[in-house]
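Q: Please take a close look at one part of this structure and explain it step by step to a first-year student. How is that part built, and what surrounds it?

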Amino acid sequence: MPYGSRLAAMMTRRIGRECVYTPSARLALYLALRRWCRPGARVLMSPVNDDVILFVVLAAGLRPVQAPVSQWDGNIDPAAVPESTWRNVDAVLTTNLYGMPDRVVELRRRCDELGIPLIEDAAHAIGTHVDGQPIGTFGTAAAFSLSKHVAGMAGGFLVVQDSRTRRELELLRDDLLTPRRLRDDLSTTLRPLARSAVRTLHLVRPVWRTMQRLRLLERDEFRMALHAPRLAGSARHAPSLAAYEPWVRVDLHGFRSRHGALVRGQLELRMALLDGDLARRRAGVSLLSGTDWASPALHARATHDGPPSLFRVPLLVHDRDALLERLVDHGVVAGYVYDPPLDDYAGAEFVEPSPDPTAARWFATHALPADPLLARRIAGALTKERATTAHPPVPATPVFDTAPTPPTPLGQ
């Protein structure tokens, strides 16, 4: 029986496509990029993304091409991508940032016209739909994460279109897995329980401050240290996951560790609770989407289709960095801030910069990712802190695939 087949079967029933279980979404994404992109291929992606994803793309031996994005959600704006860029990319990688869907209908159409693969990064979007169709079923392949919505701290899937491809990728996955260690399995199993206990006992602030003082966090800033000379040297070995592992493993050292029955069993239990998790997220999104801080794209989507089940709610605020720091005093560690954009962070040596970085810079500077499971606490804290809504210098109508005429943004 293939490794992780029971978890894969659970995801197949949910998504309606063949699934490969992986220890993490980042490993799933690496498998997809290796399978559908030749070394040296150019991959169009949003610069408002986790830096780990940039390093996964580099590890696959590919050239990241940064796209113009929507100022409302940080996802690729297909209409703003120059035709010269479309003619010279070999694949498109979505983000579905915080669970807000990419313009997948338009991206799918453009990819079909060009004969290139559309690869969906759906790590934030396990509960997201467009026109009733789940994210993860529009592309050639899709990577999902279990460490997000069900707080499993591990586990992922690669979703593909047929069983033959699934079997091929299972073999490639098995070659990349590192041996299971009982200590790692115990740590992976206990970390979600410890995090839940910290929240329940209202210890978020002292625990987080202590970790900061003792320098126990892997990141001093929103982005990890680039180590450019070392990174440039790794390119000589690409494609190679091992050569880029110092960057790809940040925040999840066991991203390609073979999980034993203890971890997989816990993840099966958590997956069985996924629908309840998504329902609670919808309730939190409903609350936050009605505030003046909510992205107008979110408000428009919630008005048109009802509140989506987001991983995080993008709130657009002034003085975002100061607010993030003060939220810790209210027992909230936000995380998942992707600032600066990847082309500003990595530079032209490692990525092709966006032809128009304005929207990405604005969104990355002002987006505060709010956990919808903590919606009331966050809304109360922002009210006490007198947070003010940020509006872009050049207002534009937020658009998405299913609502051609969204309402006027809140507060304008």
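A: A helix is a DSSP run of H or I with at least four residues, and helices are numbered from the N terminus. In these terms, leucine 269 belongs to helix α11. The model is a predicted one. In it, leucine 269 counts as exposed, because its relative accessibility is 61% and the word applies over 50%. Its C-alpha atom is separated by 9.6 Å from that of valine 150, although the two residues are 119 residues apart along the chain.

The part chosen for the close look is the sheet, together with the elements that meet it. The sheet is open and has 7 strands in the order β1-β9-β8-β5-β4-β2-β3, with mixed pairing. At its edges stand β1 (18-22) and β3 (63-66), each of which pairs on one side only. On average, and with direction ignored, neighbouring strands of the sheet are turned by 20° against each other. As a general rule, strands of a sheet pair through backbone hydrogen bonds, either parallel or antiparallel.

Both kinds of pairing can be followed here. Strand β2 (residues 42-45) and strand β3 run parallel and are joined by 4 bridges. Within this pair, arginine 42 stands opposite arginine 63 of β3. Helix α1 (residues 5-15) packs on the sheet, where it touches β1, β8 (141-145) and β9 (156-160). The direction of α1 makes about 140° with that of β1. Helix α5 (residues 104-114) lies across β4 (91-93) and β5 (118-121), and runs at about 150° to β5.

At the other edge, β1 and β9 pair in the antiparallel sense over 5 bridges. In this pair, valine 20 stands opposite leucine 158 of β9. Is edge strand β1 enclosed or open to the outside? Of its 5 residues, 4 are buried, so β1 is largely enclosed by the rest of the structure. 

Leucine 158 shows what such surroundings look like for one residue. Residues up to four places away in sequence are not counted here; leucine 158 then touches Glu18, Cys19, Val20, Ala28, Leu31, Ala32, Ala141, Ala142, Ala143 and Leu169. Valine 20 has a further partner in glutamate 170, a residue of helix α6 (residues 163-176). With neighbours within four places in sequence left aside, glutamate 170 is in contact with Pro2 and Val20. Glutamate 170 counts as buried because its relative accessibility is 11%, and the limit for that word is under 20%.

The next step is the nonpolar interior to which leucine 158 belongs. The largest nonpolar core has 74 residues, and those with the most contacts inside it are Leu33, Phe55, Phe144, Phe157 and Leu158. Helix α3 supplies the largest share of this core, namely 8 residues. Another core lies apart from it and has 39 residues, among them Leu310, Val313, Ala360 and Ala387.

How does helix α3 pack with helix α2? Helix α2 (residues 25-36) and helix α3 (residues 51-59) meet at an angle of about 35°, and their axes are 9 Å apart. The crossing of α2 past α3 is right-handed. On the side of α2, the contact is made by Arg26, Leu29, Tyr30 and Leu33; on the side of α3, by Val52, Ile53, Val56, Val57 and Ala59. Sorted by class, this contact has 8 nonpolar residues, no polar residues and 1 charged residue.

Some backbone details in the loops complete the account. In general, most residues other than glycine have a negative phi, and most peptide bonds are trans. Alanine 238 and proline 239 are joined by a cis peptide bond with omega of about 0°, and proline 239 lies in the loop between α9 (228-234) and α10 (245-248). The peptide bond from aspartate 339 to proline 340 is also cis. Proline 340 sits in the loop between α14 (320-328) and α15 (342-346). Tyrosine 336 is found in the loop between α14 and α15 too. Although it is not a glycine, tyrosine 336 has a positive phi of about 60°, and at 30% relative accessibility it counts as partly exposed. Aspartate 251, not a glycine either, has a positive phi of about 75°. It belongs to the loop between α10 and α11 (261-272), and its relative accessible area of 39% makes it partly exposed.

Key
Residues numbered from 1 in each chain as written. Predicted model: local features only at pLDDT ≥ 70, side-chain atom pairs only at ≥ 80, totals over all residues. Heavy atoms only, no water. Axes fitted to C-alpha atoms, helices over the stretch in contact; angles between N-to-C directions. Helix = DSSP H or I, 4+ residues; strand = E, 2+ residues; numbered from the N terminus. Left-handed = near helix turned anticlockwise from the far one by under 90°. Contact = heavy atoms within 4.5 Å. Nonpolar A, V, L, I, M, F, W, Y, C, P; charged D, E, K, R; others polar. Core = buried A, V, L, I, M, F, W, Y, C linked by side-chain atoms within 4.5 Å. Buried < 20%, exposed > 50% of the residue type's maximum accessible area, 1.4 Å probe, protein only. Pairing = 2+ DSSP bridges.
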